[in-house]
Amino acid sequence: MKNTFLAVCLLVSISAAKAQVKFDALQVTPQQPRAGQTVSFKFNTKLSPLIDEKKIDIVVYLFSKKGPKVLEPKTLQAGTVYSGSFKLDSNTACIAFAFSANENKVKDNNAGDGYIVPVYANNNQPVLDYYSSAGSLYSGYGEYLFGMKAVADKNLALLEEGLKLYPDARYDVGYFSSFLFALNSVKKKDAEPVIIAHLKSIASNPDIKESDYGILTQWYTRLKMKPTADSFTAIMKEKYPDGNWKKTELLNAVYKAKDGDSKKAAFEEYVNAYPPKTDDKQTINSLKNNIAAAYQKDKKYSDLKAIANQLPMAEKASLYNNSAWYMALANEGLPEARQMSYEATSWAKKEITAPTEKKPESITKKQWDKQRKSQYAMYGDTYAFILYNLKDYKKGYQYAKEAAAINEFKNAEYNERYSQLMIKVTPPAIAKKEIEKFVQEGVATSKTKELLKDLYVKEKKSEDGYEAYLAKLEMAAKEKKRLEIAKTMINEAAPKFNLKDLDGNEVSLASLKGKVVIVDFWATWCGPCIASMPAMKIAQEKLQANGDVKFVFVDTWESVEDKKKNAADFMAKNKYPFHVLMDNDDKVVADFKVNGIPTKFIIDKNGNIRFKSVGFSGNDDALIDEVSIMVEMAAAESPVAANTK
C-alpha cells in the first residue's frame, strides 16, 4: 500500500493572557511557569469526567516554534489524585495536558476548552510564541490532539492580544502570517481593508526585510492585487539581488521539471549555487525523493535506485514502497519492484523490535510503537501485492495475512489482498468462511465481494440466490454502521455561502433549501480526495436521481495561479460529472471549520448540518453506504422542508 494522507493551547478570554489560568480538576505549580523551570501538577479525577476510570494516561505537550514535544511524566496516584512533574526547556512557550483512559477512548479535555497553560516571560506576561501556539489549537490542531473545540474567533483574539503586548511581532514572518490568515478567516469581506492597512504599515518600515516583501507579495496576490504584488517582488529582487528568493526559484525549478533527468539537472544547479549545509538536510532529501519518484514514472529504475541509495534508510524504504506500489498497480517492472519492496519490508519488520530510528518528539511511545507496526503492515501489503502479480501466492499469503492481522482485519484494502491470496493457497470452504466475516463486519471491498461471488458460484454451480445471500451477510454490517452513524448526528446551522461554479454561475446554500445537500471539500493535489471520487460518483448517481439530493464539490486550498482552469481540467480529464464550486479565497472552508480534506458535510433540507465525515478509508463500498445512510437520516429529520418557500 502507498503512503497516504488520510493532519495547541488554552481557552482564554481576550484578557486571560494577563490572568493566571485556573482549572477545577488540574492544579499547576508554579502558576506562572517560566522556561527552564520544573513544573509540578496534580490532577483530581473526582472533578473530571474520568472519575470512574481506574487507570489514567497523562501526556504533556510542550509547544515551541519547532512544534510539539511530547512528555509522558511518571505519576503517583493517591486516591483520585495523580501527581507528577516535568522540566521545561528553553524554547517552550505553551503547555498542554491530555488526560484519557481506555486506550484514549475516554477523554477529559476540560469541556472542549483544553488544559492549556502559558509559559511566562520576565515581564510577567506570556511569551510571544504562546499566542501562536494557543491559536493553532483553536484553528483545529487542538481538536485533532485532544478533541478541543475549533473556534476561529479565539484564535484571532489570541493573536491580536500577542500583537498588543509585542508590537514587533508584525515583523515576525511566521507569527504575522498566522495573524493575517486568522483575520481573513474570521472577518471575511471586512478583513480586506484591515489587512491592507497592516500591509501598508509593513511597507512603510524603513528597515523592511526580504521576508517582509514575501508577506507583501503573498497577501497582495491573495487579495487579487497582482500588479501591486508584482511591484513588491521587483523591488525585493532589486534590493536583495542575492537574496533567498533566488535560492527558492532554483529549488522550485526541481519540482517543476517534468522528468527525472531534468529534475536531476535542476538539482545539480541548485546544490552548485548553494552547497548544502547541515540545516539543509531535510530539503535536500525531499528534492532527491522528488527526482527518484520521477525516475519511477520514467521507468528508469537504475537511476531511481542510485538516488535512493543517497537517502537515509527510513526515507529510502518509504520511497521504495511507494515506487513498488505504483509499479504493481501498472503491473510493470515487477522484478525491480519485488527487490525494492522486499528491502523496504525487511527493514520495517526489524524496526518493530529493534528500531534504528529515534522516536519522534511529537508522539507518545504507544503511538510510535503502533506507527512502526502500521508501517510494516503497509510495506508488507505492497510486497504481498507484488508477489500476487508474480504468482508467488504462498509467500504473498504470509505477508498479506500479517498485514491484515496487524490492522485487526479492519482495513478493507488489506483484507482484499489477503482474500486474493487466501483463495490461492487454502481450501475454498475456509476462504469462503473468512471472506464472509469481512462482509458481515463491513470490512470488504467490492473486489473482495467479487471474490466471494466466484467462490459461491463454484460451490453452487450457479449465480442463483447470490444477491439474497450477499444481502443477508451485509445486513448486520449495515445495521451496525447505521447505529454508529446515528451517534455522530449533529444539528448545527450550516454557514451560508455564495460560490461560483465552473460555468460562472453563482450557487448559494439558500438556493438549495428543500434538498439534502452533500458538500464535499476537496483539492486537485489531495490524494485521498481523488481516491474517494469514484465512490462519490456512484453515490451521486444513486442518491441524486430522485431530485431531493444535491452534491456540490467545493474546490479549496489550491495554490495554482488559475484555479478555475485547474479544477476544470481535472474534471474533464477524469470525466467526473460533479458540480464544482470554487472557494478561491478559502473562506468557505474556514467557515465550515475544516481542518483536513476530504471533508464532507451532510446538510438537511432546512439548512442544518447533520453529519460531518473526514478523510477516506480507501473502501469505496463503505463510503457509498456511509453517505447513503447519512442522507437517508438527514432527510428523515427534515421532512417538511421540501414544502418550505
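The questions below look at strand 11 with its neighbours and then at one pocket of a predicted model.

Residues are numbered from 1 along each chain as its sequence is written, and side-chain values use heavy atoms, with hydrogens and water left out. Local features need pLDDT of at least 70 and side-chain atom pairs count only at pLDDT 80 or more, while totals for chains, interfaces and linings use all residues.

Visitor: Which side chains of strand 11 are buried?
Guide: Strands (E, at least two residues) are DSSP runs, numbered from the N terminus, and buried means under 20% relative accessible area with a 1.4 Å probe and protein chains only. Along strand 11, residues 498-501, the side chains alternate, with Asn498 and Lys500 pointing to one face and not buried. The buried ones, which point to the other face, are Leu499 and Asp501.

Visitor: Which residue in strand 12 is the bridge partner of Lys500?
Guide: Two strands pair if DSSP finds at least two bridges between them, and strand 11 pairs with strand 12 (residues 506-508) in the antiparallel sense over three bridges. The two strands form a hairpin with four residues between them, and in the turn Gly504 has a positive phi of about 85°. The partner of Lys500 is Glu506.

Visitor: Which residue in strand 15 is the bridge partner of Asp501?
Guide: Strand 11 is also joined by two bridges to strand 15 (residues 580-582), and these strands run antiparallel. In strand 15, the partner of Asp501 is Leu581.

Conventions
Buried < 20%, exposed > 50% of the residue type's maximum accessible area, 1.4 Å probe, protein only.
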